[in-house]
Amino acid sequence: MPRFWRRHRHWLTPALFLLPGLILFSLVILAASVETVWISLHEWDGIGAKTWVGLANYAELAEDPQFYVSLKNNVIWLLIFMLAPPIGLALALIVNQQIRGMRILKSLFFVPLVLATVTVGVVFGWVYDPTFGLLQLIFGLFGATAPALLSDENFATFAVAAAALWPQIAFCMVLFLAGLNNLDEDLIGAGRVDGARGWRMLRHVVLPQLSQVGFIAIAVTVIGALRSFDMVAVMTTGGPYGSSTVLAYQMYEESIFSYRFGYGAAIATVLFVIMSAFIAWYLHGLIKAERSNA
Amino acid sequence: MYPRPIPEDAKIKRGLYVGGVTLVVALWLLPLIAVMLTSIRSNEELMAGNYWGWPQKFSLIENYTAVFEQTAMLRFFLNSLLITIPSVIGVLILSTLTGFVLSRYPFRGSNLIFALFVGGNFLPAQVMMIPVRDLMVRLGLYDTVYALIVFHIAFQTGFATLFMRNFIAALPGELFQAARAEGASPFQVLRHVVVPLVRPALAALAILTFTFIWNDYFWAIVLTQSDAVKPVTAGLNNLRGEWTSAWNIVSAATIFVALPPVVMFFLMQKHFISGLTMGAVKG
């Protein structure tokens, strides 16, 4: 045995190093994700035996009006979230000055990023409170009454997504600040010599250099919008009347509350397919960027 | 630098600029400031409808004592620590190992394994929810802190492997060649070359995963049920349902939940930011 070990340790030790992480990750994350696809082909209450139903869950899903509400809301989330990169860039430009006191201000901008989504949900639940909320306070200044956003079918999703935008903007801001720190000083100088200033400088000299960071900010934001669950769960629980559900939340509800694990798995699979397309696009973009850098 | 720096000698302009940005920050954090103010407001004031004015009487001690004594928040807080700390340690150990191997021992398929770690890390939690829950039930871990610890270690190892692999790959290659030339075994290389050099990466990774795990809500409600196990995030949401009208108490609890990640962030800000950008940018 010792001789075997000595002869093979150059690859055995690395293999032993790799295995714990790899096995755990494959088993808990990867295999589970694949198993979800398998479960989606069954009728299952989560405890008893699974009954094979083929694609019946997907056929039902295609007819389920709630599914289209979730899908539509995911699109709304996505559109609202697209505000995060430009606002994040704007804030990054504002704080990118070396003045005393700027560092602490910068950190304060990042605070929403480290808050739990539950915390953000609780905080904005009060902002939107129709009687005592901040929104009512602002509307009150103009003598108007604020709409009860979270209990209004037409506004609930917008209100929740807008709240979720808060940490997302901070995230984009962090990314853009890193990008601004890596700008090519020579190009900026050359631009200045050529008389480029302000908006034109931003458009023609700075933004092209931020394209990689911008791509990452957009990709991370898209993925964030598709993943949205916590805020919906905390702020509206999908209501009123299921008007603010997203795919992730509907999936949770069908499984945990209605014990329809097969149907929930089918929703998860749809989410999986949509996400995989975005992830593939993201990784492709990153690899391309890395190649062009090398 | 862009935008053009405001010159050092333009003292007034610089002062005004900082003042302006301070105003923007105040607006930006207004919702949070309001919650902080509410957390030190007395019951009487809330009854009288003073929700947004400056508190007339400070009930800081009363409100926070009420959170500790009348609610289970302290228990939840302890649960969160019991879940988060072992998870972070587990992630750091596993990802140092996987990152080391994937960056320094290329073999056929190592890129594929790396891609799996990276790709899996972007999957939405719901995609694995049903099988993971089922697995924990069958292992008898459902509704224990171990269910969350095992899951968090597994999931964060994806991101952490990406992070450590990139960091170790960027270390000077001569160090590894020299160690190998001297006949060091892989374990010795790990012990004497990698571990001393990856400390900054581990610090960044620790603060990041701490924040991710502490703030998790989804898995907390999927894998736990009882108050004895529940972390703060799930606890806070329950509390909100039970104490609907006691805004000051719920506010205090909210601040209490937010405190550890915020404090960690301010203490280790540089690590946090560099970790976040490296994780996202270096892909």
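Visitor: What radius of gyration does chain A have, set against a compact globule of 294 residues?
Guide: Chain A has 24 Å, while a compact globule of 294 residues would come in near 19 Å. The radius is taken over C-alpha atoms, and the globule rule is 2.2 Å times the number of residues to the power 0.38. This is a predicted model, in which local features need pLDDT of at least 70 and side-chain atom pairs count only at pLDDT 80 or more, while totals for chains, interfaces and linings use all residues. Residues are numbered from 1 along each chain as its sequence is written, and chains are lettered from A and ligands numbered from 1 in the order in which they are written.

Visitor: What box do the C-alpha atoms of chain A fill?
Guide: Along the principal axes, the box for chain A is roughly 75 × 70 × 30 Å. For chain B the box is roughly 75 × 65 × 30 Å. Chain B has a radius of gyration of 24 Å, where a compact globule of 283 residues would be near 19 Å.

Visitor: How many helices and strands are there in chain A?
Guide: Chain A has 14 helices and 2 strands, and chain B has 15 helices and 0 strands. A helix here is a DSSP run of H or I with at least four residues, a strand is a run of E with at least two, and both are numbered from the N terminus.

Visitor: Moving to the packing, what makes α8(B) and α11(B) roughly parallel or roughly antiparallel to each other?
Guide: Helix α8 (residues 145-169) of chain B and helix α11 (residues 199-215) of chain B pack at about 155°, with their axes 11 Å apart. Axes are lines fitted to C-alpha atoms, for helices over the stretch in contact, and angles run from 0 to 180 degrees between N-to-C directions. Under 35 degrees counts as roughly parallel, over 145 as roughly antiparallel, 65 to 115 as roughly perpendicular, and the rest as oblique. So α8(B) and α11(B) are roughly antiparallel.

Visitor: Which residues make the contact of α8(B) and α11(B)?
Guide: From α8(B) come His152(B), Gln156(B), Ala160(B), Phe163(B), Met164(B) and Phe167(B), and from α11(B) come Ala201(B), Leu205(B), Thr209(B), Phe212(B) and Ile213(B). Two residues are in contact if their C-beta atoms, placed from the backbone, lie within 7 Å. By class, this contact holds 8 nonpolar, 3 polar and no charged residues. Ala, Val, Leu, Ile, Met, Phe, Trp, Tyr, Cys and Pro count as nonpolar, Asp, Glu, Lys and Arg as charged, and the others, Gly among them, as polar.

Visitor: Is the crossing of α8(B) and α11(B) left-handed or right-handed?
Guide: Right-handed. A crossing gets that name if the near helix is turned clockwise from the far one by less than a right angle, and is left-handed if anticlockwise.

Visitor: Why are α5(A) and α8(A) called oblique?
Guide: Helix α5 (residues 102-114) of chain A and helix α8 (residues 156-181) of chain A pack at about 125°, with axes 7 Å apart. That angle falls among the rest, so the pair is oblique. Their crossing is left-handed. Phe109(A), Phe110(A), Pro112(A) and Leu113(A) of α5(A) meet Trp166(A), Pro167(A), Ala170(A), Phe171(A), Met173(A) and Val174(A) of α8(A). The class split there is 10 nonpolar, no polar and no charged.

Visitor: Between the chains, how many residues does the contact take from chain A and chain B?
Guide: It takes 78 residues from chain A and 76 from chain B. On the chain A side, helix α1 (residues 2-39) gives the most, with 19 residues. That side has 60 nonpolar, 14 polar and 4 charged residues.

Visitor: What makes α1(A) oblique to α6(B)?
Guide: α1(A) and helix α6 (residues 110-120) of chain B pack at about 45°, with their axes 11 Å apart, and that makes the two oblique. α1(A) passes α6(B) in a left-handed crossing. Leu22(A), Phe25(A), Ile29(A) and Leu30(A) meet Ile113(B), Leu116(B), Phe117(B) and Gly120(B). This contact divides into 7 nonpolar, 1 polar and no charged.

Visitor: Which domains is chain A divided into?
Guide: Domain 1 (1-39) and domain 2 (55-293); such bounds come from an automatic or database domain assignment. Their C-alpha centres lie 36 Å apart, and 4 residues of domain 1 of chain A are in contact with 6 residues of domain 2 of chain A.
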